[in-house]
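Got the viewer open? Here is a short walk through the model, one selection at a time.

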Amino acid sequence: MPFAAAPEFKKHKAKCEAEAKKIPNSGDALAVVKKSGDVEKAAAAWDKAYKAGDAKALRAALADLLQATKIFRAKLSAVIVKAQKAKNEGAVEVAADMLGGAMNVEQMAQLESQSALKKLEKAGSAKEMPATTFFADWTSAKKMFEALTGKKKPAEGFLLAFRASSGLEKATKALDAATRANDVDALQKAIKGFEKTGSEYFATVKKKAKVSVAADDTDIPDESEEAFNYDQALAILLKNLNVIRKEAGDILAEAKK
């Protein structure tokens with residue numbers, strides 16, 4: 001039976017909601033579980049593209065689904081860390097269960113997409129340009145940051161630092177142009193430009209936010225809830241920048257062959 005992302009996600013969500021009603025003090029986790037409409041919508045779009053065998057639509061739908069589940073998982077992870085600090089085992093249990101379910105849907109969709117695209121490529125119908133670009137990836141990373149910190153608006157100085165990202169927009173567009181041209185020299189130059197701009201930009205945002213970035217998702221400073229939220233969101237933002245750099249490096253290595 002073919003994999004279907006939306007029904008699988010909804011089934012696990014219903015299971016977690018039922019569990020939450022039986023577990024004391026799981027309200028924080030339940031609130032996050034219930035607010036998963038973006039994941040459900042993206043999963044339904046993926047199912048439609050997968051069933052239609054449309055390579056371009058499938059790539060786009062997978063990118064949207066991965067983005068939606070990434071934001072959802074980050075929110076669940078924040079609940080888990082907060083609940084662990086409060087020794088709220090009920091919230092930890094529900095959030096961890098839902099986190100596992102979301103990751104399973106995400107991983108299965110990736111595997112099924114890869115298999116479907118390989119078949120379509122053999123049939124000669126999957127050679128379109130990738131649905132996502134480095135510029136789109138950076139735009140998504142910013143949107144994710146805003147989604148994670150949206151309920152606690154940062155100070156105006158921080159917002160100015162965060163939104164003054166024209167340098168990275170220019171750098172990611174240069175990566176896209178070099179990728180399309182398959183130009184090794186241009187790619188090397190674009191990667192160096194991205195690395196320089198990215199490191200300078202992130203240092204500015206950290207300074208304006210006045211919080212440190214954790215070494216990993218579990219090493220969160222024992223500060224205010226606001227600092228905790230920004231700290232984790234900044235760590236995720238940095239990881240997204242690193243993903244762009246790695247993917248650009250992979251493309252460069254392939255172009256050199």
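**First stop: Glu40**

Select Glu40, and you land in helix α3, which covers residues 37-52. Keep in mind that this is a predicted model. Is Glu40 buried or exposed? Its relative accessibility is 18%, and the cut-off for buried is under 20%, so Glu40 counts as buried.

Now show what surrounds it. Setting aside neighbours within four places in sequence, Glu40 is in contact with Ala6, Phe9, Lys10 and Lys13. Pick out Lys13 from that group: its side chain and that of Glu40 are joined by a polar contact of 2.7 Å.

**Across to Lys13**

Recentre on Lys13, which sits in helix α1, residues 5-22. Lys13 is buried too, with a relative accessible area of 12%. Which residues does Lys13 touch, beyond those up to four places away in sequence? Display Val33, Lys34, Ser36, Glu40 and Met98.

**α1 against α2**

Next, colour α1 and helix α2 (residues 27-34) separately. Their axes come within 10 Å and cross at roughly 155°. An angle over 145 degrees counts as roughly antiparallel, so α1 is roughly antiparallel to α2. The crossing of α1 past α2 is left-handed.

To see who makes the contact, show Lys13, Cys16, Glu17 and Ala20 on the α1 side, then Leu30, Val33 and Lys34 on the α2 side. Colour the residues of this contact by type and you get four nonpolar, three charged and no polar ones.

**Back to α3, with α4**

Return to α3 and add helix α4, residues 55-85. How do the two axes cross, and within what distance do they come? They cross at roughly 160° and come within 8 Å. α3 and α4 are therefore roughly antiparallel to each other. Here as well, the handedness is worth a look: α3 passes α4 in a left-handed crossing.

Bring up the side chains in two steps:

- From α3, select Asp38, Val39, Ala42, Ala43, Ala45, Trp46, Ala49 and Tyr50.
- From α4, select Ala57, Leu58, Ala61, Leu62, Asp64, Leu65, Ala68, Thr69 and Phe72, which meet that α3 set.

Sorted by type, the residues of the α3 contact with α4 come out as 14 nonpolar, one polar and two charged.

**Over to Glu200**

Now jump along the chain to Glu200, in helix α9 (residues 184-209). With a relative accessibility of 43%, Glu200 counts as partly exposed. Add Lys196 to the selection: a polar contact of 2.8 Å joins its side chain to that of Glu200.

Before leaving, draw a C-alpha to C-alpha distance from Glu200 to Gly167. It comes to 9.7 Å, with the two residues 33 apart in sequence.

**Zoom out**

Finally, show the whole chain as a cartoon. How many helices and strands are there? You should count 10 helices and zero strands, so the pattern read along the sequence is α-α-α-α-α-α-α-α-α-α. Switch to colouring by burial, and 42% of the 257 residues count as buried.

One last view: turn on contacts between residues at least 6 apart in sequence. Of these contacts in the chain, 76% join residues at least 24 apart. The link you started from, between the side chains of Glu40 and Lys13, joins α3 to α1 through that polar contact of 2.7 Å.

Note on methods. Residues numbered from 1 in each chain as written. Predicted model: local features only at pLDDT ≥ 70, side-chain atom pairs only at ≥ 80, totals over all residues. Heavy atoms only, no water. Helix = DSSP H or I, 4+ residues; strand = E, 2+ residues; numbered from the N terminus. Buried < 20%, exposed > 50% of the residue type's maximum accessible area, 1.4 Å probe, protein only. Polar contact = N/O pair within 3.5 Å; in protein donor to acceptor, adjacent residues only side chain to side chain. Contact = heavy atoms within 4.5 Å. Axes fitted to C-alpha atoms, helices over the stretch in contact; angles between N-to-C directions. Parallel < 35°, antiparallel > 145°, perpendicular 65-115°, else oblique. Left-handed = near helix turned anticlockwise from the far one by under 90°. Nonpolar A, V, L, I, M, F, W, Y, C, P; charged D, E, K, R; others polar.
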